[in-house]
Amino acid sequence: MTKIYLTQTGFFTARHGHGGALAEASHEHTFRYEITFYGPLNAEGYLLDFRDLSAAFKREIDDRFEGKDLCAFFDNPTTETLCIWIYRRIKKLFPHLYSVKVAEAEDRWAEYRGNN
């Protein structure tokens, strides 16, 4: 049985700030995410329909966070927290989920692969 990794990306712009050791005032990022799935090809030769992924990402991630302050959603609105939240949300919809990466800038990101 042939298995494959499939990745789709997206982005949204949102604000976040931090107290505690990070101590940053609220500031904006264009958060970019990569969501990767892994599994067997179906009888038609694909793992998941990119259209289904696009619709789910728009509804579950982009529309929820675009232009918002992440402090309204999370007690600790770090990139790491966002990454784990996206993973858990998407895993409920697509069990073939392998990993989620979230970048707040081109040179830094968080990656989560579940509790493995």
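Is Thr78 buried or exposed? The exercises below start there.

This is a predicted model, with local features needing pLDDT of at least 70, side-chain atom pairs counting only at pLDDT 80 or more, and totals for chains, interfaces and linings using all residues. Residues are numbered from 1 along each chain as its sequence is written, and side-chain values use heavy atoms, with hydrogens and water left out.

**Exercise 1. Classify Thr78 and list what it touches.**

Step 1. Recall the classes: buried means under 20% relative accessible area, exposed over 50%, and partly exposed in between (1.4 Å probe, protein chains only).

Step 2. Thr78 has 16% relative accessibility, so it counts as buried.

Step 3. Place it in the chain. Thr78 sits in the loop between H1 and H2. Helices (H or I, at least four residues) and strands (E, at least two) are DSSP runs, numbered from the N terminus.

Step 4. List the contacts, meaning heavy atoms within 4.5 Å. Leaving aside residues up to four places away in sequence, Thr78 touches His16, His18 and Leu22.

**Exercise 2. Lay out the elements of the chain.**

Step 1. Count them. There are 2 helices and 4 strands.

Step 2. Read from the N terminus. The order is β-β-α-α-β-β.

Step 3. Add the overall figures. Along the principal axes, the C-alpha atoms fill a box of roughly 50 × 30 × 25 Å. The chain has 116 residues, of which 41% count as buried. Take the contacts between residues at least 6 apart in sequence: 62% of these join residues at least 24 apart.

Step 4. Add the surface. The chain exposes about 7,100 Å², and carbon and sulfur atoms supply 49% of that area. These areas come from the Shrake-Rupley method with a 1.4 Å probe; for residues, only the protein chains shown count as cover.

**Exercise 3. Build the sheet, then find its edges.**

Step 1. Order the strands. The open sheet runs E1-E2-E3-E4, with antiparallel pairing. Two strands pair if DSSP finds at least two bridges between them.

Step 2. Find the edges. E1 (3-18) and E4 (108-112) each have a single partner strand, so one side of each lacks a neighbour in the sheet.

Step 3. Add the twist. From one strand to the next, it averages 20°. Axes are lines fitted to C-alpha atoms, for helices over the stretch in contact, and angles run from 0 to 180 degrees between N-to-C directions.

Step 4. Zoom in on E3 and E4. E3 (residues 97-105) pairs with E4 in the antiparallel sense over 5 bridges. The two strands form a hairpin with 2 residues between them. Ala105 faces Arg108 in E4, and Val100 stands opposite Tyr112 in E4.

**Exercise 4. Place the helices on the sheet.**

Step 1. Take H2 (residues 79-93). This helix lies across E1, E2, E3 and E4, and runs at about 150° to E3.

Step 2. Pick a residue in H2. Ile84 belongs to this helix. With a relative accessible area of 27%, Ile84 is partly exposed.

Step 3. Check a distance. Ile84 and Leu53 are 31 residues apart along the chain, and their C-alpha atoms are separated by 18 Å.

**Exercise 5. Decide whether Cys71 and Cys83 are bonded or free of a disulfide.**

Step 1. Set the cut-off: a disulfide is a pair of cysteine sulfur atoms within 2.5 Å.

Step 2. Apply it. The closest cysteine sulfur to that of Cys71 is in Cys83, 18 Å away, which is too far for a bond. Cys83 is in no disulfide. The whole structure has 0 disulfides.

Step 3. Compare exposure. Cys71 is partly exposed at 38% relative accessible area, whereas Cys83 is buried at 1%.

**Exercise 6. Describe the ring pair Tyr5 and Tyr38.**

Step 1. Know the rule. Rings of Phe, Tyr and Trp (its six-membered ring) pair if their centres lie within 6.5 Å; planes under 30 degrees apart count as stacked, over 60 as edge-to-face and the rest as tilted.

Step 2. Count the pairs. The whole structure holds 14 aromatic pairs.

Step 3. Classify this one. The Tyr5 and Tyr38 ring centres are 4.4 Å apart and the planes stand at 35°, so the pair is tilted.

Step 4. Locate the partners. Tyr5 is in strand E1 and Tyr38 in strand E2, 33 residues apart. Tyr5 is partly exposed at 48% relative accessibility, and Tyr38 is partly exposed at 32%.

Step 5. Look for a cluster. Phe12, Phe31, Tyr33, Phe57, Phe65, Phe73, Phe74 and Trp85 form one aromatic cluster.
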